Amino acid sequence: MEPVDRTDAEPRRRRRPRRTARGLRAWALGAAGLLLAGCASMPERGEIRPVEASQGVDSQVRVFGVPPADRASPQEIVDGFLEAMTSDDPQLQTARKYLTEDAAKNWKPGSAVTVLSAGLDRVSVQGEKDPASPRFRVTGRMLGTVDELSAYQPETSDRRYEEFLQLTQEDKQWRIATAPSSLVLSESDFQRIYMPVNKYYFAGSTLVADPVYVRQRTDPDSRMDPTTQTVKSLLAGPSKWLGPVVTSGFPTGTELREGTKSLSYDGQNTLRVPLNDKADNVAGPQCQKMATQLLYTVKDLTGSRIDRVDLVRADGKSQLCQITEATAAGVANRPQSPGHQYYVDGENRLVRMRLDPNREEQQDAAVPVPGPLSGNPAFKVGSAAVAYDEKRAAVVSEDGHGLYVVNLTTAGAMPPPLLTARGIKPAGLTAPTWDASGDLWVADQDPQNPTLWRLPGGTGTPERVEVSGLDGARIAGLKVSPDGVRIALLLVERESRKNLYIGRIERPDGKADASAVSVRELRPAAPQLADVTAMSWAPRGRLLVVGRESGGVVQARYMLADGSMVGAGLPGATGLVAVAASEDEKMPVVAYSEDGIVWLPPGAQWRTVAAGGRSPVYPG
């Protein structure tokens, strides 16, 4: 395609390339690429000029950069390089043409990605060592970074990205001698180029999702397809944040067999994965765990396409082991599908509705839960949580003062409270939550001494849980993840706004029943939202969050546990006060709204199932 046509009519705006007849014919024939951006001519000194991001670009469009023109000015070299970083060129060859020979050789764009809210600003500045040599400061507002393990980390402060590009002449052509330390992309380009996927590791016998980002198309640096990129990331190990609480079944040093660039399926939806000799002699049970990690990881990337994984030894011929989806479900120790959905009705009773994923309509009316609560109509329930086996419920009294655990299988008298709040509503106890090992968690919102409590086994003596990084914030809501290694905390911070954070649950020696459990490394889970009002864990390690952006309206959106947003929000999700989702994707999202208790079944629309009621929960 021809170089971008530049005139003096608009010297201060970055141009888009004109579409020639040849270019349009290439588009119609499904050619490999489409030129989206070129270089712009800009003043040399003093004035800041934006290098805009691609807007509204479809993820299936392949973008190729424009090579530097002969005798291009320093400004054109910098602008062309910044745009060429967004291309799909193999090894980012076009971007490297803007660098000196040494800089191109040493540049490692695959090591990290810096994500900016919009395009870059660049301004010419005087060099320190060589004032006469062109030098540019490149800046932008940071949203987050993707590290060498493909993990995303949101930027929580107003810190700006800043890098200096020094130019020199090489063969009488201006070239960049100091390449950026990472790939630098605007948010729109990042969303076009990368996609989120979960890797999976083990915490004890439970499989845990670890979100990462891989390229949607073949990686220009490694030349690996998305499936191979994902498997390579899985073998490299968990993210730094999750690493302290999970393990991998793969022996240290396990990699794909040398030269593997593509992984494909056969006619039976079986994925063959050749490994190096580090895994040649693993025992059967360990190999089953390895294959389970691979199956769930690739399944998250491809949906329901994969039915079986075959692990192949380094010789490329002999099979190490295989696992089917049915067998992997047992190895993964996935949470059982809930039998009921629970909420507090208009009479302050804990009630439940039977769930049947094979029925399109849930016609059964809600009934009070069995056990001591049904035999004590005078007790008013404020909030509740039901254990995963649905044999016990933890309830907080309507005044927020007392926490009780009741049996849902046998009748009897109401037991005494296991924990009482220092204050009363609204500074009482939060809604409780159960973890996968049967421990119960709740927070005391006492402004003078906010505390997170854990009750081992749901009946033990309450233990105070240290939360690093809390910095005096009050916990207004909490929910332990189904895998039991993360906790979502709704914190009341400055100006009484609620912000959502994820903490890592650490247990001494990795034992589920160990004392001195702590929550470490709080990280923002919804940094895009100015105020969060409700949240719930959702399938595949995601969060369903109700909140609003600054100046916006309340909405419900899915978020990855790394703080990045996933796809569109829930349709028609207005007026929601509380929300609940199940790990089973066949179950409806449940919410409390101005219409009462409402359900959103998969692929359907919201419908009211109870005119009154509040505080909907699934087991957990």
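Strands E24 and E28 run parallel and are joined by two bridges. Within this pair, glutamate 466 has serine 518 of E28 as its bridge partner. The model described here is a predicted one, and the E24-E28 pair is a convenient place to enter it, since both strands belong to an open sheet of eight. The order of strands in that eight-stranded open sheet is E21-E22-E23-E24-E28-E27-E26-E25, with mixed pairing. At its edges stand strand E21 (433-434) and strand E25 (474-480); each has a single partner strand, so one side of each is left without a neighbour in the sheet.

Moving from E24 towards E21, the next pairing is that of E23 with strand E24 (residues 463-467), which is antiparallel and comprises three bridges. Here tryptophan 453 is set opposite arginine 464 of E24. Strand E23 (residues 451-455) is in turn joined to strand E22 (residues 440-444) by five bridges, and these two strands run antiparallel. Leucine meets leucine in this pair: the bridge partner of leucine 440 is leucine 455 in E23.

A second open sheet has four strands in the order E17-E18-E19-E20, and its pairing is antiparallel. Strand E17 (381-386) and strand E20 (419-420) form its edges, each pairing on one side only. Between E17 and strand E18 (residues 392-397) there are five bridges in the antiparallel sense, and valine 381 lies opposite serine 397 of E18.

Strand E12 offers a good view of both kinds of pairing. This strand (residues 308-312) is mostly covered, with four of its five residues buried. Strand E11 (residues 270-274) runs parallel to E12 and is joined to it by five bridges; leucine 271 is found opposite valine 309 of E12. The connection between the two strands involves helix H7 (residues 284-302), and E11, H7 and E12 together make a right-handed β-α-β unit. The length of H7 can be checked against expectation: at 1.5 Å a residue, its 19 residues should span 27 Å, and the end C-alpha atoms are 26 Å apart, which agrees. Directly after H7 comes glycine 303, with a positive phi near 80 degrees.

E12 also pairs with strand E13 (residues 319-324), this time in the antiparallel sense and over five bridges. Aspartate 310 faces glutamine 322 of E13 in this arrangement. The two strands form a hairpin with six residues between them, and glycine 316 in the turn has a positive phi of about 80 degrees.

Attention now turns to the open and enclosed spaces of the model. The second largest pocket has a volume of about 1,300 Å³. Its lining is made up of 43 residues, of which Glu155, Ala526, Pro527, Gln528 and Leu529 are the closest to the pocket centre. Several elements give two or more residues to this lining: strands E4 (135-146), E5 (152-154), E9 (194-203), E27 (498-506), E28 (518-524) and E32 (565-566), along with helix H5 (187-193). Strands E27 and E28, already met as members of the eight-stranded sheet, thus reappear in the pocket lining. By class, the lining consists of 22 nonpolar, ten polar and eleven charged residues.

Four cavities of 30 Å³ or more are counted in the model. The second largest of them has a volume of about 110 Å³. This cavity is lined by 14 residues, and the closest to its centre are Leu207, Arg334, Pro482, Asp483 and Glu583. Strand E10 (residues 206-215) gives the most to the lining, with three residues. Its classes are six nonpolar, three polar and five charged residues.

A last local detail concerns alanine 611, which sits in the loop between strand E36 (607-610) and strand E37 (614-617). The relative accessibility of alanine 611 is 73%, which places this residue in the exposed class, for which the cut-off is over 50%. Alanine 611 and glycine 596 are separated by 15 residues in sequence, yet their C-alpha atoms are 4.6 Å apart in space.

Notes:
Residues are numbered from 1 along each chain as its sequence is written. This is a predicted model: local features need pLDDT of at least 70, side-chain atom pairs count only at pLDDT 80 or more; totals for chains, interfaces and linings use all residues. Side-chain values use heavy atoms; hydrogens and water are left out. Buried means under 20% relative accessible area, exposed over 50%, partly exposed in between (1.4 Å probe, protein chains only). Two strands pair if DSSP finds at least two bridges between them. A crossover is right-handed if, with the strands pointing away from the viewer, the path from the first strand over the helix to the second runs clockwise. On a 1 Å grid over the protein atoms alone, a cavity is a set of points where a 1.4 Å probe fits but cannot get out, and a pocket is an open set with protein on both sides within 12 Å along at least five of seven lines; lining residues have an atom within 4 Å of a point. Grid points are joined across faces, edges and corners, and a volume is the space filled by probe spheres set on the points. Ala, Val, Leu, Ile, Met, Phe, Trp, Tyr, Cys and Pro count as nonpolar, Asp, Glu, Lys and Arg as charged, and the others, Gly among them, as polar. The expected span of a helix is 1.5 Å times one less than its number of residues.
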